[in-house]
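Subject: Handover of a structure model

Dear colleague,

Please find below the structure that I am handing over to you. My notes on it come after it, and I would be grateful if you would read the two side by side.

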Amino acid sequence: MRAIWILITIASLGLVAACLPTEVPLRIGTNIWAGYEPFYLARRLGHYRNQNIRLIELPSATDVMNAIRLGQLEGAALTLDEVITLSSEGLDLVVVMVCDISNGADVVMVRPEIKSLADLKGKRIAAETTAVGALMLDSVLAAANLSNTDVDIKYLPIPDHRGAYIDNEIDALVTFEPYSTKLADVGAQTIFDSSQINGQIVDVLVFNRQLVNNQDKRIGTVINGYFKARQLIVERNSNAFAVINQRLRLSSEELPKIYDKLILPTPEENQRLLSGEHSYLSRTANNLIELMSQQHLISRKPALSRFTTDQFVSATK
């Protein structure tokens, strides 16, 4: 009798084990940004159902980076400079997809009385202490034939820019959508944008190298879902936009304008950006490393090796 109960118990344990997940969740962190919305749209459309894939929305990119540092995420959507910062700290991350390229979404905005780039001389310019902020600031000053000493740079978090502008504490600012739309509502005007330095401000999807080396199939599922949702955005599908705007909370007129200022690369374009040991994106990253080092945004230059892979986007159908 005892032997029978032992057999029943073993069988029961087998059934329980069969019901347990066979793999840990694939946790992907993002902050709110138009270029990351295809992930959430894909989830809403059911492309990630029953795949043990979890999208985790965090308040800011800083929070996403901290979660990666603490091992709370396996992957994340970040700007290229944020990935470089983590790489400089010793994290081993691989870019598996380019989500978007800024083509006017990042801007320098000014008071209406500033009519030309040369008028920036002596003015107070707000920027974030990020590589994107440094890159935009460096680019606009170069275009104006000015140096850092010709302006008064105020380092402020993006959420503080609008208040500082209204209180007349700054004359110009480096910002991006959707904050730029809100600044335009209080009179700020765009004088320079990222379309003038096209290809240098990039959002990417990264995973830790162990998952990439193990060729975790869920990475391909995430990317496939993204591209299916991306197509609806490219087609300006009204139902897709309604879903997206539950998160971005912009007017129906302003939402499509954001995507006019972003390039969302196709799988084929991703392959061209990511393929090879010395891929186009790797070269872009190395140029950005030099700027970040000069601006003291990183304490050491990471040696990027096999920094990108196109193996997952290549499998996209």
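The notes below cover the overall fold, the helices, some loop residues, and the pocket and cavities.

Basis of the notes

This is a predicted model, in which local features need pLDDT of at least 70 and side-chain atom pairs count only at pLDDT 80 or more, while totals for chains, interfaces and linings use all residues. Residues are numbered from 1 along each chain as its sequence is written, and side-chain values use heavy atoms, with hydrogens and water left out.

Overall fold

The protein contains 14 helices and 11 strands; these are DSSP runs numbered from the N terminus, helices being H or I over at least four residues and strands E over at least two. Its C-alpha trace spans about 90 × 45 × 35 Å along the principal axes. Of the 317 residues, 50% are buried (buried means under 20% relative accessible area, exposed over 50%, and partly exposed in between, with a 1.4 Å probe and protein chains only).

Helices

Helix α2 covers residues 37–44, and six of its eight residues are buried, so the rest of the structure largely encloses it. The buried residues are E37, P38, F39, Y40, L41 and A42. Just after α2, G46 adopts a positive phi of about 90°.

The axes of α2 and α10 come within 10 Å and cross at roughly 120° (axes are lines fitted to C-alpha atoms, for helices over the stretch in contact, and angles run from 0 to 180 degrees between N-to-C directions). This makes α2 oblique to α10. For such terms, angles under 35 degrees count as roughly parallel, over 145 as roughly antiparallel, 65 to 115 as roughly perpendicular, and the rest as oblique. The crossing of α2 and α10 is right-handed (the near helix is turned clockwise from the far one by less than a right angle; anticlockwise would be left-handed).

Helices α3 and α4 pack at an angle of about 30°, with their axes 11 Å apart. They are therefore roughly parallel to each other, and their crossing is right-handed.

Loop residues

Two residues have a positive phi although neither is a glycine: N145, at about 60°, and Q215, at about 50°. N145 sits in the loop between α5 and β7 (152–155) and counts as exposed, because its relative accessibility is 70%. Q215 belongs to the loop between α8 (209–213) and α9 (217–234); at 51% relative accessibility, Q215 also counts as exposed.

S299 is in the loop between α13 (280–294) and α14 (311–314), and with 77% relative accessibility it counts as exposed. S299 and E89 are 210 residues apart in sequence, yet 8.5 Å apart in space, C-alpha to C-alpha.

Pocket and cavities

The search used a 1 Å grid over the protein atoms alone: a cavity is a set of points where a 1.4 Å probe fits but cannot get out, a pocket is an open set with protein on both sides within 12 Å along at least five of seven lines, and lining residues have an atom within 4 Å of a point. Grid points are joined across faces, edges and corners, and a volume is the space filled by probe spheres set on the points.

The largest pocket holds about 1000 Å³ of space. It is lined by 45 residues, of which N31, A61, E82, E128 and F176 are the closest to its centre. The elements that contribute two or more residues to this lining are α3 (61–69), α4, α5, β8 (172–176), α7 (179–184) and α10 (238–248). By class, the lining of the largest pocket has 24 nonpolar, 10 polar and 11 charged residues (Ala, Val, Leu, Ile, Met, Phe, Trp, Tyr, Cys and Pro count as nonpolar, Asp, Glu, Lys and Arg as charged, and the others, Gly among them, as polar).

Across the whole structure there are two cavities of 30 Å³ or more. The largest cavity has about 40 Å³ of space, and its lining consists of T79, L80, D81, A131, V132, Q200, I201, V202 and L288. Helices α4 (80–88) and α5 (131–143) each supply at least two of these residues. Six residues of this lining are nonpolar, two polar and one charged.

The second largest cavity has a volume of about 30 Å³ and is lined by I32, W33, A34, E177, P178, L248 and I258. Its lining has six nonpolar residues, no polar ones and one charged.

Yours sincerely
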